[in-house]
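Here's a quick tour of a protein model, with a few spots picked out for a closer look. Have the viewer open as you read.

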Amino acid sequence: MSINQFTIDRKQAQLLLECSDGLRQTLCFEFLRVYSPLEQTQVQGRKKPPVSHKKMVQLLALEPVGKHGFRLHFDDGHQAIYSAALLLDFAHNKATLWQDYLTAVQQSGHSREAMIDIKQV
């Protein structure tokens with residue numbers, strides 16, 4: 001199974017994946033950002049708290065990276081390489097993963113809403 005095509009929909013803030021098995025799935029930019037491979041690590045044997053405040057994040061670019069996958073660039077400065085296998089897993093397990101994320105954010109006391117940093121000058 002492979003990904004045949006990507007369509008970035010900035011207006012709806014989502015990425016459409018069209019897969020070789022006929023599956024067409026949209027993944028919102030927030031989902032892709034919070035499930036970044038770089039965020040799914042552990043700190044000293046403990047799971048990191050969920051990524052928060054990314055509801056309004058935008059995907060700026062998607063570029064192929066050889067056999068490794070695709071580099072996604074987000075407007076918060078984050079970028080990571082997502083393998084095709086990982087993106088396909090996201091497409092097939094979106095509902096469960098999203099609910100897991102929402103539960104983790106609620107339990108941690110964090111928020112999905114974007115934050116505005118105000119610094120007094």
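## Ground rules

A contact here means heavy atoms within 4.5 Å. Residues are numbered from 1 along each chain as its sequence is written, and side-chain values use heavy atoms, with hydrogens and water left out. The model is predicted, so local features need pLDDT of at least 70 and side-chain atom pairs count only at pLDDT 80 or more, while totals for chains, interfaces and linings use all residues.

## Glu30 and its neighbours

Glu30 sits in helix 1, residues 29–34 (helices are DSSP runs of H or I with at least four residues, strands are E runs of at least two, both numbered from the N terminus). Leaving aside residues up to four places away in sequence, Glu30 touches Lys54, Lys55, Val57, Trp98, Tyr101 and Arg112.

Is Glu30 buried or exposed? It counts as buried because its relative accessibility is 3% (buried is under 20% relative accessible area, exposed over 50%, partly exposed in between, with a 1.4 Å probe and protein chains only).

## The strand 7–strand 8 hairpin

Strand 7 (residues 69–74) runs antiparallel to strand 8, and four bridges join them; pairing takes at least two DSSP bridges. The two strands make a hairpin with four residues in between, and Gly77 in the turn has a positive phi of about 90°.

Arg71 is opposite Ile81 of strand 8. Along strand 8 (residues 79–82), Ala80 and Tyr82 point to one face and are buried, whereas Gln79 and Ile81 point to the other and are not.

## Cysteines

How many disulfides does a search of the whole structure find? Zero, where a disulfide would be a pair of cysteine sulfur atoms within 2.5 Å. Cys19 has 5% relative accessibility, so it counts as buried; Cys28, at 26%, counts as partly exposed.
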